[in-house]
Amino acid sequence: MTVLDRLAGAMNRRDEQPNVELAEDIVAREDMAAVAELAAAVRSGPARQANDALKVLYEVGARNPALVGGQCPVFIEALKSSNNRKVWGAMTALDAVAEQRAATLVAELPAIIEAADRGSVIAKDHCNSILVKLARAGYGDKAVPILVERLKHAAPNQFPTYAEETATVLTPDQKPDFLAVLKERIGKIGQESKRKRVEKLMRKLNG
């Protein structure tokens, strides 16, 4: 049985358990050959196989980013897919390796941002997480202005979370622009619990 035979779709399974189990096995054996085979499936396999392969790869990345970091070109390429599942799967994989491959991802920020803008909430969530990790990895001069700009147009449901994440990587010089966005947006947040989160964050930063 090959690695591809162990994917959920190949086993006629509708759940993700086979993919998770395969990822755990690959991590336990540090099986780089399996990673390469899955990456090839992402690039050229049929949709279900590519989706399953991406699932396995980002589950591997969540457990051991070093095993899949070398596949960033495959993940970046997948961001351009018309298959939404493939796009957010690739974004999830990139999120898993963002700190270890920060220089690579900074160079690919236009592609990452473009994919997030046309992608699902999941893709946008992982894009925000990637930017925060790039800031932590020493690229705050590039990542934080993008984070603040994206906050201006973030959906109300996601806005408090994105704001809280962005606040963790601000420098003192970046704080005024960030607070201005919070002040401008807070009146448009209808849900009281979410508005209170933003108010609490503003108090903390102003304190």
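How many salt bridges does a search of the whole structure find? The search finds 16 salt bridges. The model on screen is a predicted one, and the tour below visits several of these pairs together with two helix packings and a few individual residues.

**Stop 1: Asp 95 and Lys 133**

Please select Asp 95 and Lys 133 and display their side chains. The two side chains form a salt bridge, with a distance of 2.8 Å from N to O. The pair connects distant parts of the chain, since Asp 95 belongs to helix α5 (residues 84–97) and Lys 133 to helix α8 (residues 121–151), 38 residues apart. Are these partners buried or exposed? Asp 95 is buried, at a relative accessible area of 8%. Lys 133 also counts as buried, with 18% relative accessibility, because the limit for that class is under 20%.

**Stop 2: Ser 129**

Remain on helix α8 and select Ser 129, which is placed in that helix. Ser 129 counts as buried, its relative accessibility being 16%. Which residues does Ser 129 contact once its neighbours within four places in sequence are left aside? They are Asp 95 and Glu 165. Asp 95 is thus a residue to keep displayed from the previous stop, where it was paired with Lys 133.

**Stop 3: the packing of α5 and α7**

Next, colour helices α5 and α7. Their axes come within 10 Å of each other and cross at roughly 135°. At that angle α5 is therefore oblique to α7, and the crossing is left-handed. To see the contact itself, select Val 87, Met 91 and Leu 94 on α5, then Ile 112, Ala 115, Ala 116 and Arg 118 on α7. By residue type, this contact comprises six nonpolar residues, one charged residue and no polar ones.

**Stop 4: Arg 118 and Glu 114**

Keep Arg 118 displayed and add Glu 114. Their side chains meet in a salt bridge with an N to O distance of 3.1 Å. Both residues lie in helix α7 (residues 109–118), and because they are four residues apart there, about one helical turn separates them. Arg 118 is partly exposed, with a relative accessible area of 39%. Glu 114 likewise counts as partly exposed, at 42% relative accessibility.

**Stop 5: Glu 164 and Arg 197**

Select Glu 164 and Arg 197. What is the N to O distance in the salt bridge between their side chains? The distance is 2.8 Å. This pair, too, links distant parts of the chain: Glu 164 is in helix α9 (residues 159–167) and Arg 197 in helix α11 (residues 192–206), with their positions 33 residues apart. Glu 164 counts as partly exposed at 29% relative accessibility, and Arg 197 counts as partly exposed at 30%.

Then select Arg 6, Asp 25, Arg 29 and Asp 31. These residues are joined into one network by salt bridges that share partners.

**Stop 6: the packing of α1 and α3**

Colour helix α1 (residues 17–29) and helix α3 (residues 47–63). They pack at an angle of about 45°, and their axes are 8 Å apart. The two helices are therefore oblique to each other, and their crossing is right-handed. On the α1 side, the contact is made by Asn 19, Val 20, Leu 22, Ala 23, Glu 24, Ile 26 and Val 27. On the α3 side, the residues to select are Asp 52, Lys 55, Val 56, Glu 59, Val 60 and Arg 63. The contact residues divide into seven nonpolar, one polar and five charged.

**Stop 7: Glu 30 and Asn 12**

Move to the loop between α1 and α2, where Glu 30 is placed. Its phi is near 45°, a positive value in a residue other than glycine. Glu 30 counts as exposed, at 53% relative accessibility. Now select Asn 12, in the segment before α1. Asn 12 is another residue other than glycine with a positive phi, here near 55°. With 72% relative accessibility, Asn 12 counts as exposed.

**Stop 8: Gly 45**

Finally, select Gly 45. Where is this residue placed? Gly 45 lies in the loop between α2 (32–44) and α3. Not counting residues up to four places away in sequence, Gly 45 touches Ala 40 and Ala 50. Add Leu 4 to the selection: the C-alpha atoms of Gly 45 and Leu 4 are separated by 10.0 Å, although the residues are 41 apart along the chain.

Note on methods:
Residues are numbered from 1 along each chain as its sequence is written. This is a predicted model: local features need pLDDT of at least 70, side-chain atom pairs count only at pLDDT 80 or more; totals for chains, interfaces and linings use all residues. Side-chain values use heavy atoms; hydrogens and water are left out. A salt bridge is a side-chain nitrogen of Lys or Arg within 4 Å of a carboxyl oxygen of Asp or Glu. Buried means under 20% relative accessible area, exposed over 50%, partly exposed in between (1.4 Å probe, protein chains only). Axes are lines fitted to C-alpha atoms, for helices over the stretch in contact, and angles run from 0 to 180 degrees between N-to-C directions. Angles under 35 degrees count as roughly parallel, over 145 as roughly antiparallel, 65 to 115 as roughly perpendicular and the rest as oblique. A crossing is left-handed if the near helix is turned anticlockwise from the far one by less than a right angle, and right-handed if clockwise. Contact means heavy atoms within 4.5 Å. Ala, Val, Leu, Ile, Met, Phe, Trp, Tyr, Cys and Pro count as nonpolar, Asp, Glu, Lys and Arg as charged, and the others, Gly among them, as polar.
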